[in-house]
Amino acid sequence: MSLHPADRIVMHVDMDCFFAAVEEREDPSLKGRPVIVGSDPKGGQGRGIVATCNYAARKFGLRSAMPISIAYRRCPSGVYLRPRFSLYTQASRKVMDLLRSAADVFEPAGIDEAYLDVSSRVTFESARDLARELQAGILGKEGLSASVGLGPNKLVAKIASDHRKPGGLTAVIPSRVAEFLDPKGVAILRGVGPKTREFLLSLGYETVAQLRAASREFLFREFGKFGLHLWDEARGIDDRPLDPSWDAKSIGREVTFETDTADAALVGETLLECVAEVHREMVSEGLWCRTLTVKARFSGYETHSKQTTLRLSTGGLAHLESGALSMLEPFLGQGRSLRLVGFSVAKFSPPEDLLPLGAGD
Ligand SMILES: [Mg+2]
C-alpha cells in the first residue's frame, strides 16, 4: 500500500552516547564515571577530538567533537579511551537487525541511528508500544539505551528523538507538530548551522514559531531556494522518503599529528595506517567500495580532500593503499606542514555481486 507522505508514521531511533555506552557495557567498573572516547589527551597536550562521552562527562561541560585538550582541562579525572570501532560496529549491526525487522522501510542513518517507516504496522497510538518494545529489546539483548522519536516524517521524528535523552520516547502526532516545534531554536532545522542561525537571529527569528511568521516570499528573497526549505521545515513539512540503502554511507579514519609536519614519510605512513584500519573494517563488514577519499588539513585548519571513483569495486588492501598514496602526493608536493591526514571509502557493495578484480590481497 502506498501512503501519502502526510499519512506516514516515521520512527527515529538514536543510541545514547553510543561508543561510551558500549565501553561501559564491556567494563561495568566504568559505570558512573565520566567516560570519554576519542583521541589520546596526553595530559592536556593531546590533539584531536572527543568522539563520544557519557552523561557523567557531559556534566563537566564535555561534548562530542570538542578538542580533547579542552575536555581534559575540564575533566582531568575522566576515563579517556581510544575508540574500538570493531566493537561498536558489531553492537550496531545487532541493534540494526533488531530494528530492521520492525520496519516497512528501514534507513540506517549512521552507526548509531536509524529511521523506520512503520506506517502499515501501527497507528500513532500503538506506535508508542512498538517503540517501547524496541527500546526494551535493545536494552535487554544488547545492554544499551536508545532514545526514540515518532512523527509524520524524518524531520519531526529526529527532533523528537533528541527531545528527551537518554532513554526517552517522544511521539508527535500530526496535529501537534507546530506546538512541538514552536518553542525550539531555529538551529534544530536542517541546514541551519552557526552562521545561518546568527543571520536568522539578526532578522529576529530565534525560535521556530518566530520563523513560521516569516512569509515564503521574504525567505526566498533572503535565502533563495534554501528559504523555501526553511519555510517548509518551520511547519514540520518534510516529504523526503526513507532511503533503504543497506549499508553505512562511509567508513573513514583520520589522524591528527602531534605537531604539524611536512615529513612525507611520516605522513605517508600515517595515511597507510588509516587505510589499514578502514580495510579491516571493510573485511569485517564484508564490503567492497568504489569511492576513495583522502583528506588533508594544513597548519591553520585549511582542509582539502581528493576523491577517486573506481570503475569497479575493490576490497583489496594493495589497491586501496596505492589509490590513497597517489591522492596524497599533490598535498605533499606543496611542501606545507600538515595537521591531519585521513582516508575514507564509500559506495559499498557486497563482494559476491562483483567481478573478482581488485582483490589485491
Ligand atoms: Mg546517538
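In this predicted model, the buried residues of helix H1 pack against strands S1 (10–15), S2, S3 and S4 (79–81), and against helix H4. H1 spans residues 18–26 and is mostly covered, with seven of its nine residues buried. The buried residues of H1 are Phe18, Phe19, Ala20, Ala21, Val22, Glu23 and Glu24. Two glutamates, Glu23 and Glu24, are thus listed as buried alongside the nonpolar side chains.

Three of the strands that H1 meets belong to one sheet. This open sheet has three strands in the order S3-S2-S4, and its pairing is mixed. S3 and S4 stand at the edges with a single partner strand each, so one side of each has no neighbour in the sheet. From one strand to the next, the twist averages 25°. H1 packs on this sheet by touching S2, S3 and S4, and the direction of H1 makes about 120° with that of S2. S2 and S4 run parallel and are joined by three bridges. Within this pair, Val35 stands opposite Val79 in S4.

The loop between strand S2 (35–38) and strand S3 (50–53) contains Lys42. Phi of Lys42 is near 45°, a positive value in a residue other than glycine. Most residues other than glycine have a negative phi, and most peptide bonds are trans. Lys42 counts as partly exposed because 14 other C-beta atoms lie within 10 Å, a number between the limits of 12 or fewer for exposed and 20 or more for buried.

Val35 also appears in the largest nonpolar core, which has 65 residues. The residues with the most contacts inside this core are Met11, Val35, Ile36, Cys53, Leu116 and Leu150. Leaving aside residues up to four places away in sequence, Leu116 touches Met11, Val13, Leu99, Ala102, Ala103 and Phe106. Another core, of 22 residues, lies apart from the largest one and includes Leu271, Cys274, Met327 and Leu328.

Leu99 leads on to a helix pair, since it is one of the residues through which helix H4 meets helix H5. H4 (residues 85–100) and H5 (residues 124–142) pack at an angle of about 145°, and their axes are 10 Å apart. Their crossing is right-handed. On the H4 side the contact is made by Ala91, Lys94, Val95, Leu98 and Leu99, and on the H5 side by Leu134, Gly137, Ile138, Lys141 and Glu142.

Further along the chain there is a cis peptide bond, from Lys165 to Pro166, with omega near -5°. Pro166 is placed in the loop between helix H6 (154–161) and strand S8 (169–171).

The domain assignment divides the chain into four parts: domain 1 (5–16 + 86–177), domain 2 (19–84), domain 3 (182–234) and domain 4 (250–353). Domain 1 is thus written as two segments. Taken over C-alpha atoms, the centres of domain 1 and domain 4 are separated by 33 Å.

The remaining features concern a second open sheet. Four strands form it in the order S9-S12-S10-S11, with antiparallel pairing. Its edge strands are S9 (250–261) and S11, each of which pairs on one side only. Neighbouring strands are turned against each other by 10° on average, direction ignored. Helix H13 (residues 317–332) packs on this sheet and touches S10, S11 and S12 (338–349), with a direction at about 30° to that of S10.

Within this sheet, S10 (residues 288–298) and S11 (residues 303–314) run antiparallel and are joined by eight bridges. Among the facing residues, Thr291 stands opposite Thr309 in S11, while Cys289 has Thr314 as its bridge partner in S11. The hairpin of S10 and S11 has four residues between the strands, and in it Gly300 takes a positive phi near 90°.

Tyr301 is also in the loop between S10 and S11. Its phi is near 75°, again a positive value in a residue other than glycine. Is Tyr301 buried or exposed? Tyr301 is exposed, because 8 other C-beta atoms lie within 10 Å, and the cut-off for exposed is 12 or fewer.

Technical notes:
Residues numbered from 1 in each chain as written. Predicted model: local features only at pLDDT ≥ 70, side-chain atom pairs only at ≥ 80, totals over all residues. Pairing = 2+ DSSP bridges. Domains from an automatic or database assignment. Core = buried A, V, L, I, M, F, W, Y, C linked by C-beta atoms within 7 Å. Contact = placed C-beta atoms within 7 Å. Axes fitted to C-alpha atoms, helices over the stretch in contact; angles between N-to-C directions. Left-handed = near helix turned anticlockwise from the far one by under 90°.
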